[in-house]
Amino acid sequence: MTLKQGKNSLTYRVESIDIELKLERRLEALGLTEGSLITILNNDKKGSLTAKFRGTRFALGRRIADHITVTEVKHS
């Protein structure tokens, strides 16, 4: 599933980022890499979403969120 399809308050593990190299490198510089955990804070389904990773909140546009593949992390 893509990050944009995720639900509020759930945590996901990034499986892949499939976007142009320049933007992918920028996300890596911010700490969003394959294997990292990301929690969706607000996903209103219309445009951008707010997420938290590496202890910081970020707003990600729909185009970016649609190109990040994630899997849900099950909490036990």
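**Glycine 61, the sheet and the core**

The place of glycine 61 is in the loop between S4 and H2, where helices (H or I, at least four residues) and strands (E, at least two) are DSSP runs numbered from the N terminus. This is a predicted model, in which local features need pLDDT of at least 70 and side-chain atom pairs count only at pLDDT 80 or more, while totals for chains, interfaces and linings use all residues. Residues are numbered from 1 along each chain as its sequence is written, and side-chain values use heavy atoms, with hydrogens and water left out.

Me: Is glycine 61 buried, partly exposed or exposed?
Reply: Buried means under 20% relative accessible area, exposed over 50%, and partly exposed in between, with a 1.4 Å probe and protein chains only. The relative accessible area of glycine 61 is 30%, so this residue is partly exposed.

Me: What distance separates the C-alpha atoms of glycine 61 and glycine 47?
Reply: Along the chain, glycine 61 and glycine 47 are 14 residues apart. In space, the separation of their C-alpha atoms is 6.4 Å.

Me: Which strands are the edge strands of the open sheet?
Reply: Two strands pair if DSSP finds at least two bridges between them. The open sheet has five strands in the order S4-S3-S2-S1-S5, with antiparallel pairing. Pairing on one side only marks the edge strands, which are S4 and S5.

Me: What is the bridge partner of arginine 13 in S5?
Reply: S1 is joined to S2 by three bridges in the antiparallel sense, and arginine 13 stands opposite leucine 37 in S2. S1 also pairs with S5, antiparallel, over five bridges. In S5, the partner of arginine 13 is threonine 71.

Me: How are the rings of phenylalanine 53 and phenylalanine 58 arranged: stacked, tilted or edge-to-face?
Reply: Rings of Phe, Tyr and Trp (its six-membered ring) pair if their centres lie within 6.5 Å, and planes under 30 degrees apart count as stacked, over 60 as edge-to-face and the rest as tilted. Both phenylalanine 53 and phenylalanine 58 are buried. Their ring centres are 4.4 Å apart and their planes lie at 15°, so the pair is stacked.

Me: With which residues is leucine 32 in contact, leaving aside its neighbours within four places in sequence?
Reply: The largest nonpolar core (buried Ala, Val, Leu, Ile, Met, Phe, Trp, Tyr and Cys residues joined through side-chain atoms within 4.5 Å) has 19 residues, and Leu32 is among those with the most contacts inside it. Contact means heavy atoms within 4.5 Å. With those neighbours left aside, the residues in contact with leucine 32 are Val14, Ile17, Leu27, Ile38, Phe53 and Ile68.
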